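Student: I would like a close look at a single part of this protein, with enough of the surroundings to place it. Please take it step by step.

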Amino acid sequence: MRVTGAGGVDRSALPAGRAWWRGATGYEIYIRSFLDSDGDGVGDLAGITAKLDVLDRLGVDVLWITPFYPSPGKDQGYDVADYIGIDPAFGTLDDFDQLVQAATDRGMRIFVDIVPNHSSDQHPWFQQAIADVDSPYRDYYLFRPAAANGGPPNNWVSHFGGPAWTLDPAGSGEYYCHLFLSEQPDLNWANPAVMEEFREILTFWCERGVDGFRIDVAHGLTKDPEFRNNPQVREITLGMHPKDVFASFDHVHDLHRPETTKIFETWRTVVEPYDAVLLGEMDVRNIERFTEYVGGRGLDAGFVLKLASSRWEPATILSDLLTYERAALGGAAWAVSNHDQPRAVSRYGDGQVGVRRAAAVTTLMLALDGITFLYQGDELGLPDAVLTGVAMDPVSTRNGGVAGRDCARGPVPWDSTAVNGFTTAPVAWLETAPLPASLTAAAQIGEAGSTWERYRAMLDLRRRLPDLWSEPFEIFDRQATSLVIFRGPLTVIANLDDKAFEFVPEGEFHVEFESYAGAVGGDGGHLRIEPEATIVLSRREPDGRAIAESAEVTHGHR
Ligand code: NOJ
């Protein structure tokens, strides 16, 4: 078992009971848009391998790679037609093995994205399920008789618009359930044969050297055995965005079933011999539910998705961070952005304001226990992409052009050549407006004062100062929009307010990091932390005691 992170943090030296991934820094690679190595306009595995040195230099410990399996691509790979293969658009199994080897050589780890809630309708299991109602594969999916009026069996709706039920195309008269597209039929996790299939799938990837799984829709696997209607909690109006229609129901019968955590307990027995991590994508907006998943013998951790969709509401952001920090007991995965939501820079206000705010929140996330992820392009300060070609996201294309997720999925701007150096093809799979030189990796890497260099220094904090995430988390001062935390000898001050914050530490201190240049000023021991900044200070008493034990500090907004 490898225990040393790329930055030299010897994870075997962690306090007893701590897992290697706590305190690690992750990086989400949306593979289609990372780097195209073969000129077909689509990012691929070899493109990732080609940039490992850059990611290593940035300070990344773990790469989460979005699905690369054979897929018709109706939901950009989240419709899997073969769970143990590689789609030719992304490369081959050899390319995958080379990536794992190259990552291992650098002390980096790979998480793959596993999609257990649904397969593609092109998966041989589903094809056999519709070809023959007596096939054992029929029960791999959720087929149900029509309601008395011939309509869908219940009122469940799809995340992507319309009912969560489609009539069996083979004419049996039954409907099948799909919480996403009709081309993404939901698997039946009440059938032990499905568990057996996934036992093999998980083992396959563990044997190939993966270090963990990001589990898609981890909260959705099991459904009410009686398929009862979900209670409707508000009126649905014409033209509502599908996500708002979805949120108009209390999903007690199609999501968050208690049986789901049992499934992950079984998964754990499969991955444990490999020391692989189970990281859930649970769209839970309530802390009790979140802890049901990460508090037992099931998942190691779960994404705190709320924070990857928040607008710039500092008081809410701080209170969410603290709520999850407290309750998740290290089982949280933090990120301000992902491929499903507008990018943090744009959500927070665009331009330099958005960049500054995203850096402040990300720095604070690095001072929390658990695993903190960047989404590709966060380190360049990317705003949302502007589409210049056709929309690709089914959320948009299947719903009359409503806002979709393409804005988060633009190609990474590597340089200022055509298509920002992402591909040698004339256009990328997703056509977006070229980005200015100042936002490219070529202009920022190694350039003092760039966002990339700021993020490199930010990520380096976790490696250089492991106290940042491993020492007891003590809240010294908590105001609506600011927070002062002690972590052993370190002090983290997050000032998300629009006014400066004053802080007078006692004795000598050293500024380890500021989330933007000039964020901390003042004279003598009197510190002034500028608006929308997070800083990290360190200080040790001569005998090594943390300042937290003896501090007398005055502080407040000015
Ligand atoms: C969550 C994934 O992040 C998203 O991109 C996908 O569309 C859905 N799950 C369905 O698989």
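Student: Is Val 217 buried or exposed?

Tutor: This is a predicted model, and in it Val 217 has a relative accessibility of 2%. The cut-off for a buried residue is under 20% relative accessible area, so Val 217 counts as buried. Val 217 sits in the loop between β7 and α6, the latter spanning residues 242-246. Its phi is near 45°, which is a positive value in a residue other than glycine.

The strand before this loop is β7, residues 212-215, and both of its faces are covered. In a regular strand the side chains alternate between the two faces of the sheet. In β7, Gly 212 and Arg 214 lie on one side, Phe 213 and Ile 215 lie on the other, and all four are buried. Arg 214 is thus listed among the buried residues of the strand, along with Phe 213 and Ile 215.

Strand β7 also has paired neighbours. Strand β3, residues 109-114, pairs with β7 in the parallel sense over four bridges. Within that pairing, Phe 111 has Gly 212 of β7 as its bridge partner. Strand β8, residues 277-280, is likewise parallel to β7, again over four bridges. There, Arg 214 stands opposite Leu 279 of β8.

A second residue with a positive phi helps to set Val 217 in context. Gln 76 has a phi near 50° and is also not a glycine. Gln 76 belongs to the loop between β2 and α3. With a relative accessibility of 4%, Gln 76 counts as buried.

The loop between β2 (62-65) and α3 (93-105) also holds Phe 68. The relative accessible area of Phe 68 is 0%, and the residue is buried. Beyond its neighbours within four places in sequence, Phe 68 has contacts that include Ile 31, Leu 45, Phe 90, Phe 96, Val 112 and Trp 205. Gly 85, Ile 86 and Asp 87 are also among the contacts of Phe 68. Ala 193, by comparison, is 125 residues from Phe 68 in sequence and 24 Å from it in space, C-alpha to C-alpha.

Strand β11, residues 371-375, offers another case of a covered strand, with five of its five residues buried. Ile 371, Phe 373 and Tyr 375 point one way from β11, while Thr 372 and Leu 374 point the other way. Strand β1, residues 25-29, runs parallel to β11 and is joined to it by four bridges. Strand β10, residues 332-334, is also parallel to β11, joined by two bridges. Thr 372 is the bridge partner of Thr 25, and Thr 372 is also the bridge partner of Trp 334.

Now the whole protein. There are 15 helices and 20 strands. The radius of gyration is 24 Å, close to the 24 Å that the globule rule gives for 558 residues, so the protein is as compact as a globular protein of that length. Its C-alpha atoms fill a box of roughly 80 × 50 × 50 Å along the principal axes. Buried residues make up 59% of the 558 residues, and Val 217 is counted as buried. Among contacts between residues at least 6 apart in sequence, 69% join residues at least 24 apart. The accessible surface is about 20400 Å², with 51% of it belonging to carbon and sulfur atoms.

Key:
Residues are numbered from 1 along each chain as its sequence is written. This is a predicted model: local features need pLDDT of at least 70, side-chain atom pairs count only at pLDDT 80 or more; totals for chains, interfaces and linings use all residues. Side-chain values use heavy atoms; hydrogens and water are left out. The radius of gyration is taken over C-alpha atoms; the globule rule is 2.2 Å times the number of residues to the power 0.38. Buried means under 20% relative accessible area, exposed over 50%, partly exposed in between (1.4 Å probe, protein chains only). Contact means heavy atoms within 4.5 Å. Accessible areas come from the Shrake-Rupley method with a 1.4 Å probe; for residues, only the protein chains shown count as cover. Two strands pair if DSSP finds at least two bridges between them.
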